[in-house]
Amino acid sequence: MKQNSMLAMILAGGRGSRLHELTNKVAKPAVSYGGKYRIVDFPLSNCANSGIDVVGVLTQYESILLNSYVAAGGRWGLDAKDSGVYVLPPREKADVGLDVYRGTADAISQNIDFIDSRSPEYLLILSGDHIYKMNYAQMLAFHKASKADATIAVIEVPIKEASRFGIMNTDGETDQIVEFEEKPAEPKSNLASMGIYIFNWKLLRKMLLADMKNPDSNHDFGKDIIPTMLNDGKRLFAYRFKGYWKDVGTIDSLWEANMDLLSPNNELDLNDPTWKIYTEDVTTLPQYIGPEASVTNAYITQGCIVEGEVKNSVLFTGSKVRPGAKVIDSVLMPGVVVEEGAVVQRALVADNIHIGKNAVAGSADSEHIELVAQRVKGAE
Amino acid sequence: MYSAFGIVNSSPRNILVEGLQDFRPIGAFSFLGRYRVIDFPISNLSNSDIDRIQVYMDNNKPRSLIEHVGTGRHYNINSKSGHLQLLFSGARSWRDVYNTDIAAYIENMESIEKMHHPYVVILPNYMVYSQDFDTLIGSHISSGADITLLYHTIDNAKESCLHCNIVNLNRQKGVLSIEPNPGTAKNRNIFMDTYIMKKDLFVSLVKKAAAYSSMFSLLDIVNAACTGQIEGMDLDVRGIPHKGFFAPITDFRSYYDANMALINIKEAQNLFGEGWPIYTRTNNSCPTHYMDGADIRNSIVSNGCLIEGTVENSIIGRGCVIKKGAVIKNSIILADTLIGQDVHLENFVVDKHARLIREKEIIAPVGNPGYIKRRDTL
């Protein structure tokens, strides 16, 4: 296997506290998505499909599950010789004490030794909690062709939403970045940063070393490193990404991202044989659809047993809908059981939750999606 | 935990599953949408803590079986101490009279003699059942028998298992003889082609069989030991009954019936026990999308499908597309098949990659399922 010149580092330390109970015990990248996946499967599969052999995953918050999950690099085919997924939580070193990752840039700074050991020419920085398919090899080709010092992937967002994002103002011809504004009140462009960066490692290394010593720094790529590079007159370019991209920060948006899979021509297209998303291989039966079941507009995976009604919903591995139960406009995470006669509507039911007989969860006209994270007792 | 190795045997030359077997050996047949038949014997061994496994290949089109079994990693066998070997027989052709299991064992005697495990479990790649062999070896040892055979009692032996053998037992479960199912009685003990014995005995039986007749099979020599056909061979051969789901895949009808029987979830629970996972090779398919207008009842569906039509009492393999207005009843659809708009299909097995688009009525009589070839366009 040919050695790759680009090493990827996935930032996966965040909690994602607006996902409430879903991230009580697991970090956001480990949250389930799309019936059988975890969110971190997307950047990892993208790396594997882009021909990147070595991926570091920077973990911090509630990382037991995430660490063991990503360490099995074989799931994404990242287990050949000289290939691998490295779990990188903060660690004590011979010359430095143990310290948490103080920001996205600090997480990389604390692992300069690891990156050096692989001597990459380019470093790819990714977020572990975004859902999208992207060929990083194409982004690298753009980076090289632009003779860039750093390239930032951007996506066009509706201008009225642009103030929610980090916005790149570019010179129209070449997409060289002239200005970066974090959540601007009056955005001048609609190119939102996706938090995906390619850096020339030698340069970034120097900047990180300087940043570590700067007491005024937040040690953050968006707040510190990128602005400094622009000030220094470095060549930064925006790489325009077209396609599905979602940062699922809230229960509503996680629900919505799942619902997106129900649209017949959804852009994410998990059925694309040329860009498969790999995940854990679970040992379950195929899907059972019972004699009295009704299943329409649903996304259902192996191990599910549907004996009741499922409509406009996504069912994750091993969830069960008993006879007479109704699941409408909802997401059932792995192992959920909806007992006979229960009704689940506009809800996102967390892993392994039991909805008792004739119980009701969620409601058809709620403003927000209800997160069901505790057992719902049955009613007679 | 007993120290044993496993031998997964290929089907004997008298068994032919029309249609499907033209393309692959029975072990590689798709089963219940996401499995292949051989997943059951190998998972049984793996779950029984037996992780030295020899898989004997049919010389008949082995490609798909080799691809599927591969290194055996997905069967959860220990990646260092465990080992799965694919072994071939020297028979020139599959239907050759010399194509016996004994010939294959002789060909691979070096690999067999190298095994340091005192016991061997021999089981077929063409029968679907779950069995804990660790418990079975324990029973074998405590009974003091030389050979233990696994059998399954059925009450419809006049119509089913006609290509199987039966064991005739005395009251103490001693095996009197093994013979082809004559189809004359309802109640029979069907031999599951599954043996437990000491490795040394196995090796000596193989050599004895080869010397006695070039057409002899392991079954023949064990039967000879029971009946006294060969002088001086005196072995204690006993039967142990198997409980749970059992389906030998020995002809087209039995393949169809075995799949259909498992659409019933209660029946499936007799095969897929708690804590007894059946492993298979993952295909990394996404979940299945049931579109608006889909009507699915009493069916088993694999991942990666797009379903807009009606499916009733059927099994749908991975990655199938079922278009609007299509109706599928009492059928088994293998992976990556397209069932076009308004196609009405009943009582069929549709082999992989078939495209059913032009003929709108494809219906076989109930009780006599039809077969559509791999990669066919209709």
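**Entry 1: B:Asn330**

I began with the exposure of B:Asn330 in this predicted model, and I noted that this residue counts as partly exposed, because its relative accessibility is 21% and the buried class ends under 20%. I then looked up where B:Asn330 sits, and found it in the loop of chain B between strand E21 (327-329) and strand E22 (332-333). Its backbone also caught my eye, since phi of B:Asn330 is near 50 degrees, a positive value in a residue other than glycine.

**Entry 2: A:His219**

I turned next to A:His219, which is not a glycine and yet has a positive phi of about 55 degrees. I placed A:His219 in the loop of chain A that runs between helix H6 (201-213) and helix H7 (221-231). Is A:His219 buried or exposed? I wrote it down as buried, because its relative accessibility is 5%.

**Entry 3: Salt bridges in general**

How many salt bridges does the structure hold over all chains? I noted 22 of them, and I followed a few of these pairs in chain A.

**Entry 4: A:Asp113 and A:Arg91**

I looked up the side chains of A:Asp113 and A:Arg91, which meet in a salt bridge with an N to O distance of 2.9 Å. This pair links distant parts of the chain, with A:Asp113 in helix H4 (residues 112-118) and A:Arg91 in the loop between strand E5 (84-88) and helix H3 (104-109), 22 residues apart. I recorded A:Asp113 as partly exposed at 40% relative accessibility, and A:Arg91 as partly exposed at 28%.

**Entry 5: A:Arg240 and A:Glu156**

I then checked A:Arg240 and A:Glu156, whose side chains meet in a salt bridge at 3.0 Å, N to O. A:Arg240 belongs to strand E12 (residues 236-241) of chain A and A:Glu156 to strand E8 (residues 150-156) of chain A, so this pair ties together parts that are 84 residues apart in sequence. For A:Arg240 I noted a relative accessible area of 35%, which means that it is partly exposed, and A:Glu156 also counts as partly exposed, at 42% relative accessibility.

**Entry 6: A:Lys188, A:Glu179 and a network**

I looked last at A:Lys188, which forms a salt bridge with A:Glu179, their closest N and O atoms being 2.9 Å apart. I listed A:Lys188 as exposed, because its relative accessible area is 56%, whereas A:Glu179 counts as partly exposed at 28% relative accessibility. I closed the page with A:Lys28, A:Asp129 and A:Asp247, which are joined into one network by salt bridges that share partners.

Terms used. Residues are numbered from 1 along each chain as its sequence is written. Chains are lettered from A and ligands numbered from 1 in the order in which they are written. This is a predicted model: local features need pLDDT of at least 70, side-chain atom pairs count only at pLDDT 80 or more; totals for chains, interfaces and linings use all residues. Side-chain values use heavy atoms; hydrogens and water are left out. A salt bridge is a side-chain nitrogen of Lys or Arg within 4 Å of a carboxyl oxygen of Asp or Glu. Helices (H or I, at least four residues) and strands (E, at least two) are DSSP runs, numbered from the N terminus. Buried means under 20% relative accessible area, exposed over 50%, partly exposed in between (1.4 Å probe, protein chains only).
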